[in-house]
Structures are given as structure tokens and as C-alpha cells.
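Biologist: Can you take me through how you label helix packing and pockets here? I'd like the reasoning, not just the labels.

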Amino acid sequence: MCPIIVEIDANEASVAASSQGSSRITESNVEKEDANRLCINENKEIPIFSGQKRKNDKRPLLLNAAKIFCLELSSPQQIIRAVDGVDDVEVGMVFESKKLIKLCMSMIAMEGSFQFKTQKSDGMNFWLKCDQEDCTWLMKARSLGKTKMFKITKYDKVHKCSVDIVKSNHKQATSSVISEFIKPKLLDPNVQYGINNIIQDVKQKFGVNMSYEKAWRARVEALDDIRDSSEDSFRLLPRYLHALENQNPGTITRIEKDEHDRFKYMFVAYGASITGWKYCRPLIVVDGTFLKGKYKSTLFVDCAKDGNNGIFPLAFGVGDWENNLSWEWFMSRLKETFGNRNEVLCIVSDRHQSIERVINLVFKEIAFHGVCTFHFKQNIKARFKKAGAREFFESAARAYRKEDFDYFMAKLGELSPKIREYVLEEDPRRWARCFYPCRRYNAQTSNIAESMNSALKKS
């Protein structure tokens, strides 16, 4: 059945349009009809009647309604709610909103290499015309009653103008339109879909060149629509942490705000991690990595090793950046949550000065700070760029005996006395295996925390 529009006043109701042509029905006839056929919303929930309310009549009374448009949306007529699968439009198609029609027409225009302009747009009508004055391409749509839906009433798809539109700076290729096009590709968090991918796909699909800035804005709009905005995420964070504690017994969460009541720090340790810590080796690897969101911040990660030498996540945190205050706040929460062990704790990290300072301040004599040899090796490479220096350093760091350590350090000195002097500025107890004051369980690097960062990046 095709859609029909029924016009009702206080005395009579007349059919304005139907597949059978025009006819007239009176209010008495309306009583005999199924009330659900006369409705003003697509869910068919509100039957509309007018005139005097009769005794024992439970139907709603509508007063002072000169014209009420009622829409019957039944099969096979369907409402288009998304642009996916819509390659072209035709007369009679019903769209959920005016915005959706414009979005569909924008993608059709980009793919067809033409541009259009809005000729009329109000609550009742939406008209689009080709940008070239001598072209007859035209699309007209009209709202359906008091709903937000629009129906295509006229569509002349023939172009009389040239389609050799300039491929760069297409009028319809806005960031909002591109964001709708790329949104399905951003739904899977495991798929890395970057700015260059967007530029390439838009060029391949529509033949339109776009700037890096516009592609970036489109990606931000699409992600905000999928995941909500960054502001909404921060606003929901306390509620999320509360639910996290309720659903995961023993979980500890903390949020710190600044003097303006804005987010500053966050700490999360799951109950399972707190319980399992006592069965892990007395070793913690810490690392910080920057977050790429709208509000730049740092993710703090603490990991341990279980009895099978596997990665055991302990705690996570978020702060403004890696500085003394943020590391001190995070490490203090870590100590409060996991307490002390009966043996000396080994904490491994890169050579960040704030981490070294905070470990000596917060953990004092109950923990020893070890340096990640990989980061140390990268520092040597960046500073000196001397072939063979990294190999001698790594051999010295991994040596089990002091004699072997001295041998490789001597070789390093022969290669470059400056490099040897630079390496020995760092206490060998913090990076050389044969000088460790506590058990390090073969954790020469902070790789387990880096692995956790890599896994979290996809989430």
C-alpha cells in the first residue's frame, strides 16, 4: 500500500492523496476504521480524532485542529535511515530526515562529478538544484505531515551541463559528509584507519582530492559520533569507575581534580590484579605513553611477571604528562593499593628522571630502581652514533660475571673513551646483571609494559 495523507477537520475528513485517487470520508466512517491507521508518528502509537467526545469513548479528543496530516507507513513503503546502500534516489522514497536526504545527495553529487545548491529549505520543503544555471537537474522533497520525515516528490536526474567539475575543493565534500562515508571503517577498533587512508579512499570512491586538515576533521567528527565526544567521555568517567567497582569486587579506583573541578589524574587497579599480586614475582615494570586524544595526556601502566613468566597487569593511570607530580601521585596510589612485600621490590623503567626521583621518595628502601637496557642503548645510539658501541654495552649489561663485564667495558673504552665514561655515569647496579642488588628475574628491559601499551592502543 502506498502512503496516504488524511486531512481531518471538526466536521469531516478527506483523503488528500491515495493510490485509489481522491475520496471523502466522514467522522462516522472514521470511527469504523482501525484507529492505528490514523497516526502522526511512524510507530503508529497516537490515533487522532476530532469533534465531540462521546460517552465511554476512550479515544483522545483533538480540539481546534483545522488540518491534521496523518501518515500510514506500511509495507512495501520503507523509511530510509542510513546512506549505506543508497546509490541513487527516486520519486516516492521517504527519508528519516532532511539532513539524511542532503547527505545522500551530496555523495551522489561527488560520485557523479557535479555540484548542487540549495534552492529552498524550510520545515515543509527541501529543494536542490544543479549549480550550473542552464542545467535542469532538480530534486524536490516535502515533509510528511508534522513528522521530521521527507518524501521525494520530484527528481530530474538528467544533466545538461558538463560533469568536468574540478576534483579539488568540491562544494559537497564537507567534513560532515566525509565523516559519514568513513564511519563504518572506524567501527572496528582493531583496524588502523588513519588520515592518509581517508584521503586515498575518498579519491578512489569519489575522485575528489581533499586536504589533510579536512580529512582529520572528518575523522574526529566520525569518532565523536561513534564514541561520543572527549568532553562526554570525561563527564561519564566517575560513573564508569563506580560501575567498575560494583561489577569487579575488590577493584580500587581514584580520581583527582584540580582547583577548577576539572579532571587531573585517574588510577585503576582491578580486584583480580590486587589478589593475584601476592603470587607474582616481586618485580614491577612501569612505563608511560602519551595519549592522542583531543586533550593531550599520559597513560601510566604497571605490569608484573607471574610464576609462568607471563605478563600480569597491575594498575593503570592517566595524568597530564610525565612529570614529578603526576608520577608521585600515581606511584603513591600504587603503594597504597598493593602494599609492601617481604622482600626487596625491583622496579624497572626507562631513565626518566621523574620516575627515579619518585621511586626513591615513595618506596624509599623497600624497592630498588633498575634501568631498562634497551632505552639506555637507544640513548647511546642517539648521542654518539658509533658503530659497535651498542653491542659492547649490551654484552656488558647481560654478563653474569664481573670479569666478563670488565672485558666488554674495556672493549667499549677502546672504541670510544667518551662512550665508556657516559655509560659509567649511570650506576652499574641499575643496569648491569652482575651488579644487581636484588633479583631482577631476567627483566632487562621494560618490554612487558611496552607490550601492554601496544595492546591498549587497539582498544
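Modeller: Sure, starting with handedness: a crossing counts as right-handed if the near helix is turned clockwise from the far one by less than a right angle, and as left-handed if anticlockwise. In this predicted model, the crossing of H3 and H5 is right-handed.

Biologist: What makes H3 oblique to H5?

Modeller: The axes of H3 (residues 175-182) and H5 (residues 212-227) cross at roughly 60 degrees, coming within 8 Å. Roughly parallel needs an angle under 35 degrees, and roughly perpendicular runs from 65 to 115. The crossing fits neither, so H3 is oblique to H5.

Biologist: Which residues of H3 and H5 meet?

Modeller: With contact meaning heavy atoms within 4.5 Å, H3 brings Ser-175, Ser-176, Ile-178, Ser-179, Glu-180 and Ile-182, and these meet Lys-214, Arg-217, Ala-218, Arg-219, Glu-221, Ala-222 and Asp-225 in H5. By class, that contact has 6 charged, 4 nonpolar and 3 polar residues.

Biologist: On to the second largest pocket: what is its volume, and which residues are closest to its centre?

Modeller: Its volume is about 510 Å³. Lining it are 17 residues, and Phe-234, Arg-262, Phe-263, Lys-264 and Tyr-295 are the closest to the centre.

Biologist: How do you know which element supplies the largest share of that lining?

Modeller: H6 gives 4 residues, the largest share. H6 (230-247), S11 (252-257), S12 (263-269) and S15 (311-319) each supply at least two.

Biologist: And how do the lining residues divide by class?

Modeller: Into 9 charged, 6 nonpolar and 2 polar.

Conventions
Residues are numbered from 1 along each chain as its sequence is written. This is a predicted model: local features need pLDDT of at least 70, side-chain atom pairs count only at pLDDT 80 or more; totals for chains, interfaces and linings use all residues. Side-chain values use heavy atoms; hydrogens and water are left out. Axes are lines fitted to C-alpha atoms, for helices over the stretch in contact, and angles run from 0 to 180 degrees between N-to-C directions. Angles under 35 degrees count as roughly parallel, over 145 as roughly antiparallel, 65 to 115 as roughly perpendicular and the rest as oblique. Ala, Val, Leu, Ile, Met, Phe, Trp, Tyr, Cys and Pro count as nonpolar, Asp, Glu, Lys and Arg as charged, and the others, Gly among them, as polar. On a 1 Å grid over the protein atoms alone, a cavity is a set of points where a 1.4 Å probe fits but cannot get out, and a pocket is an open set with protein on both sides within 12 Å along at least five of seven lines; lining residues have an atom within 4 Å of a point. Grid points are joined across faces, edges and corners, and a volume is the space filled by probe spheres set on the points.
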